[in-house]
Amino acid sequence: MATYDASTDGTSGGTGRTGGTGRAAPRPSGGAAQAAGIIVLRNYLTYRSAWKLFLTGFLEPVFYLFSIGIGVGALVEGFELNGEPISYAAFVAPGMLAASAFNGALMDSTYNVFFKLKYDRLYDQMLATPLTPADVARGEIAWGLIRGSTYSAAFLLVMTAMGLVESWWAVLALPAAILIAFAFSAVCMALTTWMKSFQDFDKITLAQLPLFLFSATFFPVSSYGDGVLRWVVEATPLYRGVVLCRELTTGQLSWASGVSVLYLVAMGLVGLVVVRRRLATLLLT
Amino acid sequence: MTTRQLSAREGLLRQLDYWWTVFRRTWRGGFIASFVAPLFYVVAMGVLLGGFIQADPDRLEGATSYLAFVVPGLVAAHAMQVAVDETTYPVMGGIKWGKTYWAQLATPLQVRDIVNAHLAFAITRVALACAVFMLVLAPFGVFASWWGPFAAWGGQVLVGAAFACAVMAFSVRLRSDQGFGVLYRIGVVPLTLFSGAFFPIANLGVVLEWVARATPLWHGVSLSRMFSLDHVDWLLVVVHLLYLGTVCVVGWRLAVRGLEQRLEV
């Protein structure tokens, strides 16, 4: 403690601190998990006063499921999934599960992070403590995953109650949804660090909506024919997430499911590395 | 100190330059949300999903394709969304963040004038957004007559006006912007999804069908669709106009009174 006090006096000309970047303080013994836990706890405390917002977040995908799955489903003649007929509601529901994990992750890791980064200057404050940029990245993403997985779990229960789950593999649909949320949280948080103003959020909408609407969420990928367009769609991350969830709730797993998992894991890890570096350059220099 | 009371027209005209400046500086920001986004919906739901729907005019309220059915509903829902966007956060901004209402009130303007100008701005945004949307849709061949789209546009503007008035009455009473998030999730989203924009409300079953009929958006969707498809039931048109007109008047009165109480004049 004594050395710390001495270094706060800038006029003394002392050489108490060598790093000069706020990293001199020792890390608490709990390590990375404890550090991330502190950030999760902070988010929990702030959301406690906004519980209505938290609670209603779950309703949105359920509304979509009822409206599109049942209302529009009465008009659709039904699809075939790998040669087997499937009701429109059973087709759309896993798509909604994946899409809501995607949308939730996107909201939390863009708007909220941007606000904390630029307006609240919250991360500057956090880094003035023993927390590191990696802790901030992990903590924020962990919070997003906790929030997203409560929604996903509730959604899966609704799906089961409506008889839209056809296989025990559906138990794995929850981790799959969390994986989707992880991949998008990490990448979107990384992208957010490059944003300059709220005008840039237009670009997010511009990417979010087509991903949401065209990732085989509402209709099979065969709508695109067999050309280049179909390959493009199949290479997008949300499409991988949507088919993964669909394969799990219908029990039609294949090697492609493994590809989806690897794709999403890799995407998330890359995002995490970039976030850590970007936060370090943005805030510690 | 007393000031001469302005006429409603004068009150509105004096704020023209202010709102024109706001428009000039912000229209680009809303461009993608109010134009590109709905077009994605038309392609995804109307064209691609519509490819899997066998169009039976008896089940689709007279439409010969799902695209022709869904498009007038989407534009009406869009009118609602633009109206809500303009009368939620910007209204709270006027009271709480930017405090422009207070500044305007320090001039001879009255609360009534401030409400009128803000609503006029919101409705203009709705009218423009819907007009552009309808123009873009024309080449898709979804309109049944040349005059129908104009009447449909009138219906869309009216439903936008109804939402602008009603939501402003809500916003002037709100203390925290959290309420807006909840309004979107349990108001705007379910209305968009269940007010007959995406599927005939007959698919909802008897009870929910009547709930849908009671919502203002359904009246707008129905007006927009009847005129677009040239499948008009004039008695129903009168009901829609009366309903939406009433929402406008009641909403406007509540907005003025609410803002008067809030600003303590």
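**Chain B, from single residues to the interface**

With a relative accessible area of 44%, B:Lys99 is partly exposed, because the partly exposed class runs between the buried limit of under 20% and the exposed limit of over 50%. The model described here is predicted. B:Lys99 sits in the loop between helix H4 (89–97) and helix H5 (100–105) of chain B. The backbone of B:Lys99 is worth a look too: phi is near 55°, a positive value in a residue other than glycine.

A second loop residue can be read in the same friendly, step-by-step way. B:Asp230 is placed in the loop between helix H10 (216–229) and helix H11 (234–263) of chain B. Although B:Asp230 is not a glycine, its phi is positive, at about 55°. Is B:Asp230 buried, partly exposed or exposed? Its relative accessibility is 38%, so B:Asp230 counts as partly exposed.

Moving from the loops to a helix, helix H1 of chain B spans residues 8–13 and contains B:Ala8. B:Leu13 is found in helix H1 as well. The relative accessible area of B:Ala8 is 38%, so this residue is partly exposed. For B:Leu13 the value is 43%, which again means partly exposed.

Which residues does B:Ala8 touch, once its neighbours within four places in sequence are left aside? The contacts of B:Ala8 are B:Arg112, B:Asp113 and B:Asn116. One of these partners, B:Asp113, lies 105 residues away from B:Ala8 along the chain, yet their C-alpha atoms are separated by 6.3 Å. B:Asp113 can also be compared with B:Leu13: these two residues are 100 residues apart along the chain, and 9.5 Å separates their C-alpha atoms.

The wider view of chain B begins with its helices. Chain B has eleven helices and zero strands, so that its pattern along the sequence is α-α-α-α-α-α-α-α-α-α-α, with helices here being DSSP runs of at least four residues. Contacts that reach far along the sequence are well represented: of those between residues at least 6 apart, 76% join residues at least 24 apart.

How does the radius of gyration of chain B fit with a compact globule? For 265 residues, a compact globule would have a radius near 18 Å, and the 19 Å of chain B agrees with this. Along the principal axes, the C-alpha atoms of chain B fill a box of roughly 70 × 40 × 35 Å. Of the 265 residues in chain B, 53% are buried. The area that chain B exposes is about 12000 Å², and carbon and sulfur atoms supply 67% of it. Chain B also carries 19 positive and 14 negative charges, and the mean positions of the two sets are 11 Å apart.

Finally, chain B has a partner. How many residues of each chain take part in the contact between chain A and chain B? On the chain A side there are 35 residues, in contact with 31 residues of chain B. The size of an interface is often given as the accessible area lost when the parts come together. Between chain A and chain B, the buried area is about 3000 Å², and carbon and sulfur atoms give 75% of it. On the side of chain A, the residues that lose the most area to chain B are A:Phe63, A:Leu75 and A:Asp202, which together account for 20% of what that side buries.

Technical notes: Residues are numbered from 1 along each chain as its sequence is written. Chains are lettered from A and ligands numbered from 1 in the order in which they are written. This is a predicted model: local features need pLDDT of at least 70, side-chain atom pairs count only at pLDDT 80 or more; totals for chains, interfaces and linings use all residues. Side-chain values use heavy atoms; hydrogens and water are left out. Helices (H or I, at least four residues) and strands (E, at least two) are DSSP runs, numbered from the N terminus. The radius of gyration is taken over C-alpha atoms; the globule rule is 2.2 Å times the number of residues to the power 0.38. Buried means under 20% relative accessible area, exposed over 50%, partly exposed in between (1.4 Å probe, protein chains only). Contact means heavy atoms within 4.5 Å. Accessible areas come from the Shrake-Rupley method with a 1.4 Å probe; for residues, only the protein chains shown count as cover. Lys and Arg count as positive and Asp and Glu as negative; His and the chain ends are not counted. The place of a charge is taken as NZ of Lys, CZ of Arg, CG of Asp or CD of Glu. Buried area is the accessible area (1.4 Å probe) that two parts lose on being put together, summed over both.
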